[in-house]
Amino acid sequence: MKKPNQQPALHKVIMVGSGGVGKSALTLQFMYDEFVEDYEPTKADSYRKRVVLDGEEVQIDILDTAGQEDYAAIRDNYFRSGEGFLCVFSITEDDSFQATQEFREQILRVKNDENIPFLLVGNKSDLGEKRKVPLSEATGRATQWGVPYVETSAKTRANVDKVFYDLMREIRSRKMEDNKPGNSRGKDKSKRKKLKCVIL
Amino acid sequence: MGPPPIVTGVSPKEGPPGTRVTVRGEFLGKTASDLSGLTICGCDCLLSAEWKSPNKIIARSGPGKGKGEILVTTRSGGRGTSTVEFRGYHEMIGPMKESAVWVEEAPLRKMWWGRRGLTPTTYQHDDPLGISIEGVEQKFPEDGLHKLFPGGSGDLSSENFAAGWFLLERHHATPFDDLRAGLAFLRRKVDGQKEGQLSFIKSNVGSVMEQLDTLAHLKERFEEDVEKQGQDPTIRLEAAIKESMLEANKLFEDVLSRRERADATRSALAVLQRFRFLFGLPGAIEKNIKKGDYDAVINDYARVMNLFGNTEVPVFKKVLAEVESRIAQLRELLHHRLEDAPTTLEAQKKLIRNLVNLEVGGDPAWDAISCHSRHLAATMIQCRDTHLTQEQTALEEGGKTPKSSKSKGASSSNQNTDWQASVPARVLLTEELADTISERFPDFWKLGQAYFTGELQVKVVPGRQQDFKKLVLAGISLFSGLLRAALMPHTLVKTPAAERASYGVWHSRGMEGLGPWLPHCLRALRQGYSSLIRLDLPSEVLDIVASLIFDLRVHCMSTLMKQAGESIRNLHTQESWNIQFDGEHGGITHLPAECERVVAEALQLAKDSVLLADLRETPLLESNVVQRDLNNLILNMLLGFVEVLDKLALGSDAMAGDSLGASQMIGSPSIFRGSDSVMDKGRNKDKETGPAWEQRLLSVLSNIEYTKCVLLPRIADLFARYQLPAQTGPLAAVNKALAELDQRVLDAYLEQRSDPLVGTIEPSMYIGNFNWDTAVKPADVRPYVKELLTNLISVHSEVHSISPGLVWRVLPQLVETVAEELARLMVCLDRKFNVHGTEQACADIAAIREAVQVYSTPTAEAFFDEALEAVPRLSDTQGKKNVETVLNHFRSRMRLQLMCFRDPKGTRNPS
Ligand SMILES: Nc1nc2c(ncn2[C@@H]2O[C@H](COP(=O)(O)OP(=O)(O)OP(=O)(O)O)[C@@H](O)[C@H]2O)c(=O)[nH]1
Ligand SMILES: [Mg+2]
């Protein structure tokens, strides 16, 4: 049970993905209902606001990271603080889809956790006619990773709220799971580490 | 008021100073002008802020370092909050370094021209390992680092870079896993660096080509210019600059000349102004002097002397002379004011400063001090004279003052409004002097302090310190002397006559009735003293007053005690002889209680004002002399009470009092006259109402007993309560005096009672021509026996009615006397007993003996035996039977009377 006066729970979301795929566009659409047409590469932006998640007031903290390779160096640092990741690619750009593999690996390495809340997001769904990444390929990769796949459009706001809320729900249930007694994180961690070794 | 702004987004969330930051949120201002404040990390960034929409502002970050809030303030919503933070950091980046951030130019330029020149390898990053060091603020002590790595450095660019140092300094709290991650990160970066330059060119091939094109183009244009303009294009430039300078001068010539003219006018006006000031000055000075604004006068004077002091112009000189004369008048005036009755300290200081500023000769500050001192003395002397004459007139009018004050004295703590009229002049004097000293003296002292500390801005003449001290001492000595002369002339006995006279000579009659006022005087004096103590005076000065207070306390105490003694000695006039009984101690009059009240009152007064030591006072009783005096005073006071008792019992007044002589008993055997006499108004009519002497004696005896057993212990308790050391000496002496008095009073009573009692026996025995040799057969005891017993009963009742305990001291004595008289009568009988006479005598003696048996003593028994032996033996049993019959008859007839002699359940005093 939560006391009424307590500070609402804070969920830390990190936007990852190549440059220009629409991470900032998604974030700003979610935060301020606006769509930015011009492309302005991000370094690292921070957003935080209160939202109601399934009737409970929570705070969402969004770290919008840089997609440009130039900034790859500082990513590690940022990833460490994340509790959930939206891994975004543009369905109109195959490179960006390929890059998701690298991002996934970097996240797993930094977080050292196979089950970290994670959504694969195919953005720019409004540009269906320019699609380069087939839906099946994207869903295939998502199933392989064991994560959900959602297609969004920062322009039309399609599925924008959904990806953020779905991710927050995952984060929340992960936290509840971690807080359960007898399911200590340390134990989990060692298990995950073994798994990771197998993958590598 | 609208909703306050709230910042929910920042882009980017960190960066070096000058970073272009997009701030997003809600209610960030309805319009650009609604935005009234923006701080990032505590730095005001409003200047660079660009309002875009109520949701967005763009600004540049300030020089703040570290994490901080982004706060927006709007006119419509006030000061806002933020949910996100910006982190400012400082970084140095070489020109060849790929940089994701916009590089400030200023630090770079410094490097281009700096001595060290440009070192492409210079690389400084906050965090080469890519490990966040946020929040890890614990520092590793630097000394330790120096010890661990002698000559090393944690600076990445240093030749002596020591990795251990660096790690300890930056990451001594970083977990191992994180360090490993950092190492991996560093490795990747190094790898990247190797191919970095190539990839840099590769990825930027477009712009590199563009730059090359630009350079080629630049060269082309330059060569073109050289062709057109010749080798040195600056010649033409120089010519152009010169020409434009000429043109500019021409343009401004007009303006400049106008300015010059304006300046000239202005200075002319200033000169005129100055002249006006000079000529108006005499008038202005006069006006300001009238207003009392001396500061203004002094300022004006200084100014005029500055401006025209050295003038040679005759007109000016004339005016100046006039000014000088006004100023001289002012000096005079100020000096007079200084010597007049001193006003407040501040006003005086101001006057002195004014005089100093006016360059008056002499030493105005010292003048003020000595004038102050004179004034103080004069005030005190005048005060003395006023009250001296007041007392004299009062004394001449018939000494009304002391008398009326006496009645008021006891309640002096709460005087009503008309008390002033009856207050003795000396008390008023004390009050006034104490007021004077506490009001005037501090100013005097502070003035002196100001003088010596240089606050008055005058040079202190050497030796003045000593003079000032003399003045202070003189003032205080005068104060003390005046008070001593008025309140305690006896303490001035050793003072030289002339000095003594200067303190005033008061008539000794005026001392009467001063006693009750002394505590009041002491209070007033203490008030004055406390104001002196606050001044931080030299102890030499304070000691004068301290000793005055001490003496006054002693005097006050002894006066209080003496007064109490007097009141006690006067108590005998208050004796009403009303006997009150308390269960334990028989009857007493109210005198002991009165005495206790007087003592308690005196101690109360003494305690409040005398015994408790105030600030900087010595406890009175520490002095042995005072202690001894106090003992004497107490003894004297208490002896007063013994004297009162003595006087009441055995004084000439008491003796002259009505007495129940023997005559009344003779022939009135069965009437209890003695105990009735209080009621017997006829007998006491012409005397002042009151009991007979014998009864007074008894009352006094009872009072003595009470005093010994109850009053003295209570008084001892009182002393203890007021923290006076146990007064064993005086109390023992008083006890002794009491015991002695007790004996005398008892003797007096016994004599008074036994003489008539015994005297009646013989005449009564032979009443009705009775003779032992002609006696007939006895039928009853003889009447003298009954009379004797009745008289004894009346004494018993008299004593018992006042103090049952006394019965045991009185009756045995009487019984002894009676027995002795019986023995004497029987032994000295010159006639013979006949048989019946013998029976009668035996019966009589046995009856008496039996009746008083309870109060009998061995001595009495011996006398009874002696009496019996003088009577012949009873020869036969018939005789014995006859005696027995008589005794039986006696026992039944006198049953009631005999009951009086019984011991009523142990009233016998154990002593
Ligand atoms: N049509 C369409 N355009 C989009 C969509 N999302 C983003 N864009 C555009 O794509 C460009 C890049 O978008 P950003 O959101 O700035 O890209 P980013 O992922 O933040 O890029 P980095 O900050 O460099 O990592 C912008 O011009 C956007 O207008 C979308 O859903 N549909
Ligand atoms: Mg972006």
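Guide: Accessible areas here come from the Shrake-Rupley method with a 1.4 Å probe. The model is a predicted one. By that method chain B exposes about 49500 Å², and carbon and sulfur atoms supply 55% of this area.

Visitor: What else describes chain B, in helices and strands?

Guide: Chain B has 30 helices and 15 strands. Of its 911 residues, 42% count as buried. Among contacts in chain B between residues at least 6 apart in sequence, 74% join residues at least 24 apart.

Visitor: Why is T42(A) called buried?

Guide: The cut-off for buried is under 20% relative accessible area. T42(A) has 11% relative accessibility, so T42(A) counts as buried.

Visitor: What makes S24(A) and T42(A) donors of the magnesium ion (ligand 2)?

Guide: A donor is an N, O or S atom within 2.8 Å of a metal such as this one. The OG atom of S24(A) and the OG1 atom of T42(A) lie 1.9 Å from the magnesium ion, so both atoms meet the cut-off. S24(A) lies in helix 1 (residues 23-32) of chain A, and T42(A) in the loop between helix 1 and strand 2 (44-53), so the pair ties together parts that are 18 residues apart in sequence.

Visitor: How do you know that E34(A) and R24(B) form a salt bridge?

Guide: The rule asks for a side-chain nitrogen of Lys or Arg within 4 Å of a carboxyl oxygen of Asp or Glu. For E34(A) and R24(B) the closest N and O atoms are 2.8 Å apart, so the pair passes. The rule finds two salt bridges across the interface of chain A and chain B. Helix 1, strand 2 and helix 2 (72-80) of chain A each supply at least two residues of the side that touches chain B. Strand 2 gives the largest share of that side, six residues.

Visitor: How many residues does the contact take from each chain, and what area is buried?

Guide: The contact takes 20 residues from chain A and 24 residues from chain B. The area buried between the two chains is about 1900 Å², with carbon and sulfur atoms giving 46% of it.

Visitor: Why does S90(A) count as buried, and what joins its side chain to that of T92(A)?

Guide: S90(A), found in strand 4 (residues 84-90) of chain A, has 0% relative accessibility, which is under 20%, so S90(A) counts as buried. A polar contact of 2.7 Å joins the side chains of S90(A) and T92(A); the cut-off is 3.5 Å. Leaving aside neighbours within four places in sequence, S90(A) is in contact with residues including V21(A), N123(A) and K124(A).

How values were computed. Residues are numbered from 1 along each chain as its sequence is written. Chains are lettered from A and ligands numbered from 1 in the order in which they are written. This is a predicted model: local features need pLDDT of at least 70, side-chain atom pairs count only at pLDDT 80 or more; totals for chains, interfaces and linings use all residues. Side-chain values use heavy atoms; hydrogens and water are left out. Donors are N, O and S atoms within 2.8 Å of the metal (3.2 Å for Na, K and Ca); water is not among the atoms, so sites may look incomplete. Helices (H or I, at least four residues) and strands (E, at least two) are DSSP runs, numbered from the N terminus. Buried means under 20% relative accessible area, exposed over 50%, partly exposed in between (1.4 Å probe, protein chains only). Contact means heavy atoms within 4.5 Å. Buried area is the accessible area (1.4 Å probe) that two parts lose on being put together, summed over both. A polar contact is a pair of N or O atoms within 3.5 Å; within protein, one must be able to donate a hydrogen and the other to accept it, and residues adjacent in sequence count only if both atoms are side-chain atoms.
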